[in-house]
Amino acid sequence: MDEVKFCDDCSKLISTEYNYCPWCGKKRERSMDLPSLLEQAMGSLEKIQMEDRLDNLAKLEDSLDSLEGEINAFLSKTR
Ligand SMILES: [Zn+2]
């Protein structure tokens with residue numbers, strides 16, 4: 001089941017599998033390629049977001065550590 005789109009240049013129906021329009025030779029817009037679009041959009045922010053994520057993970061780990069301690073304390077009381 002091929003996905004199709006209309007060529008931006010000649011408006012003919014082409015398969016998204018083609019990198020170039022077979023009718024007029026125009027290169028398909030990369031913006032139609034969602035993974036590439038995401039990759040491009042994320043690229044500049046990725047480093048900052050990764051740092052934020054690592055920071056959040058570190059905080060989450062601290063929370064889990066204290067939570068684990070509380071749970072263990074609670075369980076040891078009930079045993
Ligand atoms: Zn075309």
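The secondary structure of the protein chain, here in a predicted model, boils down to one helix and two strands. Helices (H or I, at least four residues) and strands (E, at least two) are DSSP runs, numbered from the N terminus. Read from the N terminus, the order is β-β-α. Residue numbers start from 1 along each chain as its sequence is written. Since this is a predicted model, local features need pLDDT of at least 70 and side-chain atom pairs count only at pLDDT 80 or more, while totals for chains, interfaces and linings use all residues.

On confidence, pLDDT is the predictor's own score for each residue, from 0 to 100. Its mean over the protein chain is 82, with 86% of the residues at 70 or more. Among the elements, helix H1 (residues 34–78) has the lowest mean pLDDT, 84, and S2 the highest, 87. Where pLDDT is low, the predicted coordinates should not be read in detail.

As for burial, a residue is buried if 20 or more other C-beta atoms lie within 10 Å of its own, exposed if 12 or fewer, and partly exposed in between, with C-beta atoms placed from the backbone. Just 3% of the 79 residues of the protein chain count as buried. Contacts are pairs of residues whose C-beta atoms, placed from the backbone, lie within 7 Å. Taking contacts between residues at least 6 apart in sequence, 3% join residues at least 24 apart.

The loop between strand S1 (4–6) and strand S2 (13–15) holds Lys12, and Ser11 sits in the loop between S1 and S2 too. Ser11 counts as exposed because it has 11 C-beta neighbours inside 10 Å. Its backbone is worth a look: phi of Ser11 is near 65°, a positive value in a residue other than glycine. Lys12 is likewise exposed, as 11 other C-beta atoms lie within 10 Å. Leaving out residues up to four places away in sequence, Lys12 touches Phe6, Cys7 and Trp23. Lys12 and Cys24, 12 residues apart in sequence, are 9.0 Å apart in space, C-alpha to C-alpha.

Technical notes. Two residues are in contact if their C-beta atoms, placed from the backbone, lie within 7 Å.
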